[in-house]
Amino acid sequence: MEKEHYTGIFLEKIKEQLQDVCSCMMILDREPQNKSSIQEICYSLHLMKGMAGTMGYFRICQLTEDMEEIFSKAADERILITGRLLDLMKESTDVLKNYTKNIEETFLEGTYDYKALRQELKQAAEVSEVKMLPEKRVLRRQFTPKEEKTDFTETEEENSGDFVFVEQEDLKELCGPIGDLVMVKNRLELFYDSAESALQNRDFLEQMEYFKQALSKLQESAAKLRLVSLKEITRSFRKRIRLLAAAENKRIDLYMSGLDIRIDRIQADLIREILLCLLECTARYGMDTMEVRRRQGKSSKGSIYLNALLENDAVLIRLHDDGNGTDISRQTTEGCERNLEQMRLVIEDLGGELTTSFVPSKGSKYRIKVPFPGIILEAFGVEVHGEIYVLDMKYVQSVEDIPKADLLDEEGNRIPLIYIDKRLNIPSIEKETENKKAVIVKKGSSCAGLVIDAPAGYQEAVIRPLGSFIPKDPLFCGGVILKDGRPALILDINMWI
C-alpha cells in the first residue's frame with residue numbers, strides 16, 4: 001500500500017506523543033529533576049523517531065533523535081534541563097508540531113530542516129553537561145517508562161504487542177458483500193425449496209453445502225477482524241491520568257479490569273474518546289488536591305476504577321471514583337470535544353445507554369452499555385396480523401400453545417404474556433387466528449411469552465439500519481431482509497421484557 005494510506009494513523013499517534021511531551025515539559029518547568037517525566041519524554045521521543053523513520057519523515061526523525069539524546073543525559077543525571085536548554089526543547093516541540101501540520105495538509109513535512117536550532121541544542125547540552133557533572137560517566141541505556149509502585153498487581157502494557165491497523169471503511173466494505181452473499185444463499189435455498197423435483201439433484205445439494213461452509217468461515221473471519229480488545233484502546237489511559245494529575249498537584253491511581261473483553265472495531269474510536277473524556281474530566285474536576293483530601297479525612301491519593309464485563313449481548317463499562325462527586329455536565333470540559341450530553345447522544349446512536357450518578361463528597365459513577373453490532377442475525381420469524389417480525393434466536397426458548405389457564409415454566413412459575421399487536425397498536429384483521437401461540441423468550445432471569453398468530457420459521461438474515469425515514473422506536477433494534485426479499489423489523493427483546 002502507498003504511504004499515504006497510513007498517514008492518518010501516523011498523525012494520530014504522533015499528536016498523542018507530542019501531547020504527552022508537552023504535558024511533561026510543564027512538569028519539568030516546575031520540577032527539573034522529575035525522573036518520571038523525563039523518562040516519559042524519552043519514551044515518547046523514541047516512539048516518534050521510530051514512526052517517522054518508518055514513514056520516511058527524516059527531518060522529524062533527526063530532530064527527535066537530538067532531543068532524545070539530551071533527555072537521555074538528563075535521565076542519567078548528567079545534565080539539568082532548565083533555562084535556555086528548556087526553552088530550546090520547547091522550541092523543538094513547536095517545530096515538530098509544524099512538521100505535523102505540514103504532513104496533515106500536504107503529506108510532506110516540508111523542506112526546512114532547522115539546522116541552527118539543532119546545532120544550538122547540541123551546544124547547550126554540552127555546556128550544561130560540563131556544569132552539571134564534569135567527571136561522571138554513565139553508560140547509555142534503552143529507556144522505557146517506569147511505573148510507580150502501587151499495591152495494584154495488574155500490569156500495564158501500554159505499548160507492547162503487534163497490532164494490525166484496519167481502516168473502518170475497509171471493514172464496512174468487507175461486511176457489505178458478506179451480507180449480500182447471505183442474501184444470495186437465502187434466495188438459493190428458497191429457489192431449491194420451490195423448484196421442480198428434476199432440479200433437486202445431488203450436485204446442487206453438494207455445491208450448496210460447500211457454499212454455506214465457505215460463507216460461514218468468511219463470516220467468522222470478518223467477525224474476528226471487527227473485534228478489538230479494550231486493552232488495546234485503553235493503553236495510554238494510565239499515563240494520561242498520571243500526567244494530568246501531576247500537572248494539577250494531585251495523586252490519582254487508575255485501576256482497570258476486564259480489559260480482555262472485545263468490542264466492535266468500528267465503535268472503538270468513539271468509545272475510547274468518550275472513556276478518555278470521562279476519565280480526564282473526573283481527574284480534573286472530580287478529584288481534589290492532596291491537601292484538600294487530607295483535610296477531608298481521605299487518603300491523599302485518589303482512585304478511579306474502570307471495569308468492563310459482558311451482560312447478555314452487550315458490553316457494560318463502569319467508571320467510579322472516590323472524589324468529590326462534582327457533576328461534570330456543569331463544568332467546562334477542557335481538552336474534550338464533547339460534553340456529557342453529547343457523549344450520551346453518541347452512545348445512544350450506537351444503540352446503547354449512558355447513565356451517571358454524582359454524590360457530593362463521595363464520588364461519581366458512570367455506566368456505559370453498548371450492544372454488539374452484528375451483520376448477520378439468526379432470525380426467528382413470527383407472524384402477527386399478517387405482518388412478519390423477527391426475534392434474535394438466542395433469546396427464543398420454545399413455541400407453546402396458549403392454554404386456557406396460566407402458562408407455566410418448568411418450575412411451575414407463571415410466564416407473563418405480552419401481546420405484540422397491543423404493544424405495537426396493530427389493528428386487528430377480519431379473520432383473526434383463534435389458536436394463538438406464544439414464543440417463550442428469556443433474557444437473563446426474565447422470561448415472557450410473546451403472543452403471535454403463527455411462527456414463520458428460522459433463517460439467517462442480513463441486519464439493515466432503519467434509516468432516518470423511520471421514526472426511532474425503542475421496541476425495534478433494526479431491520480432484516482427475508483429470504484423472499486421482504487423487509488421485516490427486529491423486535492428488541494431488551495425493551496420487551
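## A walk through the model, starting from helix H3

Helix H3, which covers residues 58-75, is a convenient place to begin: its 18 residues should span 26 Å at 1.5 Å a residue, and because its end C-alpha atoms lie 25 Å apart, the distance found in the model agrees with that expectation. This is a predicted model, and the values given here should be read with that in mind.

The surroundings of this helix can be described as well. Of the 18 residues of H3, 13 are buried, so the helix is largely enclosed by the rest of the structure. Cys 61 is buried too, since its relative accessible area is 17%, and buried means under 20%. After H3 comes Glu 77, a residue whose phi is positive, near 65 degrees.

From here the reader can turn to helix H5, which runs over residues 115-132 and contains Arg 118. With a relative accessible area of 19%, Arg 118 counts as buried, because that value falls under the 20% cut-off. The side chain of Arg 118 makes a polar contact with the side chain of Asp 66, at 2.6 Å.

The cysteines raise a further point. Cys 42 has a relative accessibility of 1% and therefore counts as buried, and Cys 61, at 17%, is likewise buried. A disulfide is a covalent bond between the sulfur atoms of two cysteines. A search of the whole structure finds zero disulfides.

Stepping back to the chain as a whole, its secondary structure comes to 14 helices and 16 strands. The chain has 497 residues, and buried residues make up 44% of them. Among the contacts with a separation of 6 or more, 71% are between residues that are 24 or more positions apart in the chain. The accessible surface comes to about 27,100 Å², and carbon and sulfur atoms account for 50% of that area.

Finally, the confidence of the prediction varies along the chain. The average pLDDT is 77, and 77% of the residues score at least 70. Confidence is highest in strand S11 (residues 417-419), at a mean of 92, whereas helix H6 (residues 168-194) has the lowest, at a mean of 64. Over residues 130-165 the pLDDT stays under 50, and for this stretch the model has 59 contacts beyond four places in sequence.

Key. Residues are numbered from 1 along each chain as its sequence is written. This is a predicted model: local features need pLDDT of at least 70, side-chain atom pairs count only at pLDDT 80 or more; totals for chains, interfaces and linings use all residues. Side-chain values use heavy atoms; hydrogens and water are left out. Helices (H or I, at least four residues) and strands (E, at least two) are DSSP runs, numbered from the N terminus. Buried means under 20% relative accessible area, exposed over 50%, partly exposed in between (1.4 Å probe, protein chains only). Contact means heavy atoms within 4.5 Å. Accessible areas come from the Shrake-Rupley method with a 1.4 Å probe; for residues, only the protein chains shown count as cover. A disulfide is a pair of cysteine sulfur atoms within 2.5 Å. pLDDT is the predictor's confidence in each residue, from 0 to 100. The expected span of a helix is 1.5 Å times one less than its number of residues. A polar contact is a pair of N or O atoms within 3.5 Å; within protein, one must be able to donate a hydrogen and the other to accept it, and residues adjacent in sequence count only if both atoms are side-chain atoms.
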